[in-house]
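This briefing is meant to be read beside the sequence and the coordinates. It goes through one chain topic by topic, beginning with a loop residue and ending with the contact to the partner chain.

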Amino acid sequence: MKKITTLLFLLLIVGCQKDYINDIVDINFFDQTEQVVYNNQSIEIILPKDDTYSLLLVGIEGNLIARERFIGTKGTNKRTIYVSLLTDIEEVYLMLYNNNGNKLEEVLLKIN
Amino acid sequence: MKQLLYFIVITAMGMSKSVRQALVQTYFISLMLIPTFGLAQFSGPSDSDTSDREAGASLVWLGTPSNASESVSNIRVGDTIVLGIKISSYNASKTSIDYAHIDVQIDKRLYTYQNETFNSEVSNNSQFVGPNAKMQWSNNHDHYDIWDQWQNGTYVTDSNYEIHHYQTSDTSVDGNEVETLDWYVKFQLKVNAFDEDYDYTDGVVITMGRTSVVQSGAEVLLDPLYAYPNQDFSNEPVQAAPTFANTVANDGQNAVKYKSFKINDYASNGGNSEYGDHPSNSAGFDAMFDYGNKKTTTWTHQGRDTATKAFTWPWSNILPRHANTNFGWIIEGYFVPPTSGTYKFQLTSDDRSDFWFDANDNGTITNTGMGMGNGSRDVDVTNLTAGVSYKFRVRYEQGAGGANLYLKWKSPEDVAAGADWAFNANSIYSIDADDVTVTMDYTINYNIDSDITATDFSVKTYYESGTNQFTANSGQSAVTLASNGSADISDQIDTDFSKVQHVVFDEPSSTELATTAAAAVTAADVYLAFQELTDKGINNNETGNKFTHGIQYVNADIDKDGDFDFDDTFVMLDWLNGGTEFSLTNLSSVMRLIETSAYNSVASTAIGNYTTTSKFPLGLTNGTTTYTKNITVSWLGDVNLSHSPTPTNNLSVTGMTINNAPSMSNKRMYMISGKEIEIYIENEIKDGKVHAKVRTINAGIPIGALQLKLIYDKEVLKYNQHTFDTGATDFNNVTENHISFGSLKTEDGAINNQSIYEFVFDTLKPIDSSLGLILFEVIEAVTTDNEQVNILIQ
C-alpha cells in the first residue's frame, strides 16, 4: 500500500507540471538568433515602451523586402508574419526598428 | 510438288544419259526462272553408273536463311547459304530407312561453317567433325560410290578442309522413313572471298555415307549408296562482288547506279574470245557482261555516282573502270520528266551502247531499239507523265581508241521551242524518286534576345495544306531551341518538295505568353514611343528623332495598321493599364520573325512589310540538302528593343539627319547610366484597411518613365483603391494578385522628384499585422534621355 501511495504521489507531481509547449509563445521572439517560421505564424515581441515601430523583412544580402509600420505598446505584443509570397526565399531577417530609425532587434527567420 | 520431283528423278533413271541431262538442265533452268519453286532436290542422277544403285544421297539447295527460294546466281561473297542432305531409296524392298550417316567435306577457304539443324521428324541425331581433314579417295571405287568409299576410303590431314559427319537413327518417328524427308539435316555456310575464278560448288562435297533399313529385326544396308552428280551442289562459279562505292552518299537526285566490267580479256581464256569485240546486238551485250559465265569478263567496280559523271564526258570525269580500254558499264537510274508528253532521247557513244526504258512504269524495262552506235541515235518515248519515275538502263562498251558516252533529251516543250538536245541531272534519280529519303541538314539560328529564354521555346515543321491552313508533318517531334537559339530541324522536314513547309513555334501557355509580353512591353517602351511622336518622328518625315533603327517603328506599330502614330501609344498606355486594346491572343500576334539580314536593314518607311508571325517558310530547293537559316526574333511593342536584338545597321534616311543617334551597333537600345534612384516602401494598418505606400526619391535625376510591381496576398487582401501623385501620366493595371503601376511623362519635363503611389486594400479576414502581405518589385526606370536607371528599394 505504501508503494502504491508513493507511485500515485509521483504521478500527481508529474501530472501537475507546466505545459512547456504553451510557454514558448511567452518568450520574446527576438530572444533567439534564428527562428523557424511558417506562414501566418503569430509571434510575440516585447517592446520597451508605447511608440511607433517598424518591422522589416530584409534579404540575406541586405535588400529590403517589406516594411510594416505599427503602433506598439510596452510589453508583449502579438504580430503575425506572412511568408507565403516569399516563394523563392529560404531565409530572411526580421528586424525591429524604433521610430527614430534605430534597429532594436534582429532574428534570422528560416522559412518552413 | 514433291511427288512431281520424285517423278522427274525416277523417270529420268530410265532414260538415256543425254535425255536425262537435258531433263536435269531444264529442271535447273526452271528453278532459276521460278524463284518461288521452293524446296528442290538440287542434284539428280546423271551418270549411268548409278543404275545399279539402291539408295542415293544428294545435296539439296535450300537458298539462304531468309529466303529458301534464293537463286544460286544471286549468291555473293559474304552471303550465307543453306544446304541439306536428302536420302532416297530406289530399292522397293528396302524402304523405311531408319539409319543414315553422310559425310560432307567443306573447303574452309571458300566457306565458313555456321551450324546444322536436323529435321524435327528424325531422332537420335549426332554430328562430329573431323577438323583439318580431307577425303583420301579409294580409287578402286567411283568417288560417288560413297558406300564403298566408306568401306575403303580414308581421311588425311589438310588444314584447308573439314569433314562433317551427319548421323541419324530414326527409330520412332513416322515409321522410320528417312527417305520421305526433303532433307534430314541442313547446314549453313558463309561464303568467303577466295578466288573469283574458283568453282565454289566444288567446296562442298559428299564423300562417304551409309544407309540401312530394318528387316526381320536386322539392319540391312542399301548398297551401293551413291552421291550424284559429282557430289557437289552446282556448276556455277561464284565471283566476288566488288565493293559498292558510294561516291554519291545517298540515293536520290543526280545519281545513278553502275556496274563496271573488264571485257575482252582474252588472256584469261587462252587467247580465245567468248563474244564479239563490240556487241552488234542486245545479245552481244548480254554475253559481254555475263561475268558469271565468261572468263573474258570480270566485274571490277560497282557503286553509286552522279548522273553527270555517267552521261557527260571527258575522260577526266567518268565512271570507274579498270583501264581506259576494254571496259564496259551497265548504268541504271530513273528518269523523272518534269512535264508530261513525248520525250526524245539521244544516246551518243564511242564505242557501242544501247538504251532501255520502262516506258509503262510497270517494272518491265525494254530495249528502246535505238541501235547500238557508234555515234548518235535518238528515240521517242511517248506518254510519259510528269513526276513519275521511269527506270532506264544504258549499256556501254569501250574497246580501244576514241571513247565517249552522252545521254541527252528534249521535253515536249523543248521540241516545240526548237531547243537543242540537253542533259539535266535533276531529272535523273538512282532510285524511284518516291522512295528517295533525303538526308536534310537544316539548322535555324534564331537570333533571340538574351533576356528571352530560348530554351522555353520549341518549334515544329508544318506544310501548307490549304489557304491559310497548316498541317504538321507526320512523324515529327518538337525541337526545343538551344540556349543560343539554334534549332536543328533536319529530321522534321517532309522532303516532298511539292509541300510548302514552314517551321512554326509551339504555342506557349497564355500565362507564359502574357509574361513574355509583359516583360517586352513596359513603360520605357511607351515613353520612348511618346518621345518619338513628340519629337515628330521619322515616319512623319520630320526631324528630332528618338528611334535609331527601322525595326523600332515596326515594333511600335502596335495596332498593326502600317503606321506609327498616337493610336499606337494609346494602345500601349492601355496595355500598361491592363486594357485589352493590345491584341495578345497567341504567339503569332506578338512575335515577329525576320531573316536576320533583312532585320538589320529595316527601313523606317516599311512598317507594313513586316507582320507578326510565329512561322517561317523553309524555302526548300530541289537538289539542295544543306540549309542554314538565320532569323531574328523581335516582339511587337518592344519599342526600345530591350527584348529584341539590336540591328547591326543604324537607321539612315536619305536627306535627313538623325539627331543624337549614337552608334548602336551590337549594343542594347537602352543604356545603363549608372544612376540610381530610391523608392521608400511601407505598409500600415489603418482603420481596418492595409495601406501600402511607395515614395520615390529621384535625387534630381529627371525620370521620364517608371514602372513597378506590387504583389499582394489575395487570400488576405482585396484591392480597394489607389492614389498617385507624380506629375505625370500614370498607369495602374490591377490583376488577381499583383498590380503593375507607374508613370511616364508624355510631355516635356520629368516625373516628380518625390512621387507618391499609395494603395488601399480591404482585408478578407481579421489581421493584426500586414508584414509580408505586400511585396514590391522593381521593373524599370529611364531618364528623359532614355537612359536606364537603377532602382533601390529602401
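**Briefing on chain B**

Val436(B) lies in the loop that connects β21 (428–429) with β22 of chain B. The model is a predicted one, and the points below start from this loop residue before turning to strands, helices, cores and the interface.

**The loop residue Val436(B)**

- With 19 other C-beta atoms within 10 Å, Val436(B) falls in the partly exposed class, because a residue counts as buried at 20 or more such atoms.
- Leaving aside residues up to four places away in sequence, Val436(B) touches Asp251(B), Gly252(B), Tyr429(B) and Ile431(B).
- One of these contacts spans a long stretch of the chain, since Val436(B) and Gly252(B) are 184 residues apart in sequence, while their C-alpha atoms are 5.4 Å apart in space.

**Chain B overall**

- Chain B contains eleven helices and 39 strands, and buried residues account for 39% of its 794 residues.
- If one takes the contacts in chain B between residues at least 6 apart in sequence, 76% of them join residues at least 24 apart.

**Strand β22(B) and its neighbours**

- In strand β22 (residues 441–447) of chain B the side chains alternate, with Tyr442(B), Ile444(B) and Tyr446(B) buried on one face, whereas Asp441(B), Thr443(B), Asn445(B) and Asn447(B) point to the other face and are not buried.
- This follows a general pattern, in which the side chains of a regular strand alternate between the two faces of the sheet.
- β22(B) is joined in the parallel sense to strand β30 (residues 626–635) of chain B by seven bridges, and within this pairing Asp441(B) stands opposite Thr626(B).
- β22(B) is also joined to strand β26 (residues 486–488) of chain B, here in the antiparallel sense and by three bridges, with Thr443(B) standing opposite Asp488(B).

**Strand β12(B) and its neighbours**

- Strand β12 (residues 256–262) of chain B is largely enclosed by the rest of the structure, because six of its seven residues are buried.
- Seven bridges pair β12(B) with strand β13 (residues 298–305) of chain B in the antiparallel sense, and Val256(B) has Asp305(B) as its bridge partner there.
- Strand β14 (residues 327–335) of chain B also runs antiparallel to β12(B) and is joined to it by six bridges, with Lys257(B) opposite Glu332(B).

**Helices α8(B) and α10(B)**

- Helix α8 (residues 523–534) of chain B has twelve residues and reaches 16 Å from its first C-alpha to its last, which is close to the 16 Å expected at 1.5 Å a residue.
- Ten of the twelve residues of α8(B) are buried, so the helix is largely enclosed by the rest of the structure; among them are Asp525(B), Gln531(B) and Glu532(B) as well as Val526(B), Leu528(B) and Phe530(B).
- The elements against which these buried residues of α8(B) pack are α9 (550–556), α10 (566–576), β33 (703–712), β36 (738–744) and β38 (774–783) of chain B.
- The buried residues of α10(B) include Asp568(B), Met572(B) and Trp575(B), and their cover includes α8, α9, β35 (729–734) and β36 of chain B.
- Just after α10(B), Gly578(B) adopts a positive phi of about 85°.

**Nonpolar cores**

- The largest nonpolar core has 101 residues, of which Val526(B), Tyr527(B), Met572(B) and Leu710(B) touch the most other members.
- α8(B) gives the most to this core, with seven residues, and the core draws at least three residues from each of domain 3 (438–668) and domain 4 (672–793) of chain B.
- Met572(B), not counting residues up to four places away in sequence, touches Val521(B), Asp525(B), Val526(B), Ala529(B), Ile558(B) and Gly637(B).
- A second, separate core consists of 44 residues, including Ala100(B), Tyr166(B), Val178(B) and Leu222(B).

**The contact with chain A**

- Contact between the chains involves 18 residues of chain B and 19 residues of chain A.
- On the side of chain B that touches chain A, β31 (671–686) and β38 each supply at least two residues, and β31(B) gives the most, with five.
- By class, this side of chain B has nine nonpolar, five polar and four charged residues.

Conventions:
Residues are numbered from 1 along each chain as its sequence is written. Chains are lettered from A and ligands numbered from 1 in the order in which they are written. This is a predicted model: local features need pLDDT of at least 70, side-chain atom pairs count only at pLDDT 80 or more; totals for chains, interfaces and linings use all residues. Helices (H or I, at least four residues) and strands (E, at least two) are DSSP runs, numbered from the N terminus. The expected span of a helix is 1.5 Å times one less than its number of residues. Two residues are in contact if their C-beta atoms, placed from the backbone, lie within 7 Å. Two strands pair if DSSP finds at least two bridges between them. Ala, Val, Leu, Ile, Met, Phe, Trp, Tyr, Cys and Pro count as nonpolar, Asp, Glu, Lys and Arg as charged, and the others, Gly among them, as polar. A nonpolar core is a set of buried Ala, Val, Leu, Ile, Met, Phe, Trp, Tyr and Cys residues joined through C-beta atoms within 7 Å. Domain bounds come from an automatic or database domain assignment.
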